[in-house]
Each structure stands twice: as structure tokens, then as C-alpha cells.
Amino acid sequence: MLTATSGYFFIPTGGLTIACVAFDRTGTTKIGNYILNHSFMRPGLITLVTSLIIAFGMIQIVM
């Protein structure tokens with residue numbers, strides 16, 4: 001559940017996110033005009049939902 005609690009994909013202030021935007025030579029990775037409008041939003045949401053489903057499934061199995 002680290003993805004759900006960390007918020008790296010929602011607020012683009014992490015070092016890796018800024019570095020990816022800075023090193024992208026094609027121009028496809030960008031941070032939009034709004035805080036929650038950037039290239040990492042869709043992959044972050046998919047990762048968040050998937051990790052939550054797996055984590056809650058594992059909790060049901062273990063408990």
C-alpha cells in the first residue's frame with residue numbers, strides 16, 4: 001500500500017518526477033498548468049488501484 005500512502009504520482013514534487021521531466025528530450029513528459037495535471041497521473045492511478053486491490057486481497061488471505 002505504499003503507492004496509496006506516499007502520493008508520489010499525484011503531487012509532482014518528488015525528485016524522480018522532476019528529473020524525468022527534465023531529462024525527457026521528446027517533450028512528451030510534462031507537468032501541466034494545474035498541480036494534478038501531469039504525465040504521471042494515469043499510470044499513477046492505475047498503479048494505485050492495482051496495489052490496493054492486491055494489498056486488500058493479501059490481507060483477506062493472511063487474516
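**A tour along helix α3**

Begin by selecting V62, which is found in helix α3. The model on display is predicted. V62 is exposed, because its relative accessible area of 69% lies above the 50% cut-off.

Keep V62 selected and add F56, I59, I61 and M63; together with V62, these residues form a nonpolar patch on the surface. The accessible area of the patch comes to about 630 Å².

Next, select the whole of helix α3, residues 41-62. Helix α3 contains 22 residues, and the distance from its first C-alpha to its last is 31 Å. That span is close to the 32 Å expected at 1.5 Å a residue.

Within this selection, which residues of α3 are buried? Colour M41, G44, L48, S51 and A55, for these are the buried residues of α3. They cover an arc of only 90 degrees around the axis, so they sit on the same side of α3.

Now rotate the view to the other side of α3, where R42, I46, I53, Q60 and I61 are exposed. One of these, I61, is already in the selection as a member of the nonpolar patch.

Finally, release the selection and display the entire protein. How many helices and strands does the secondary structure of the protein hold? There are three helices and zero strands, and the pattern read along the sequence is α-α-α.

With the full chain in view, three overall values may be set beside the picture. Of the 63 residues of the protein, 16% count as buried. The protein exposes about 5100 Å², and carbon and sulfur atoms supply 69% of that area. Among contacts with a separation of 6 or more, 50% are accounted for by residues 24 or more positions apart.

Conventions
Residues are numbered from 1 along each chain as its sequence is written. This is a predicted model: local features need pLDDT of at least 70, side-chain atom pairs count only at pLDDT 80 or more; totals for chains, interfaces and linings use all residues. Side-chain values use heavy atoms; hydrogens and water are left out. Helices (H or I, at least four residues) and strands (E, at least two) are DSSP runs, numbered from the N terminus. Buried means under 20% relative accessible area, exposed over 50%, partly exposed in between (1.4 Å probe, protein chains only). Contact means heavy atoms within 4.5 Å. Accessible areas come from the Shrake-Rupley method with a 1.4 Å probe; for residues, only the protein chains shown count as cover. The expected span of a helix is 1.5 Å times one less than its number of residues. The arc is that of the directions from the helix axis to the C-beta atoms. Patches are made of residues with over 30% relative accessible area and no salt bridge: like charges are joined within 9 Å, nonpolar side chains (Val, Leu, Ile, Met, Phe, Trp, Tyr) within 5 Å. A salt bridge is a side-chain nitrogen of Lys or Arg within 4 Å of a carboxyl oxygen of Asp or Glu.
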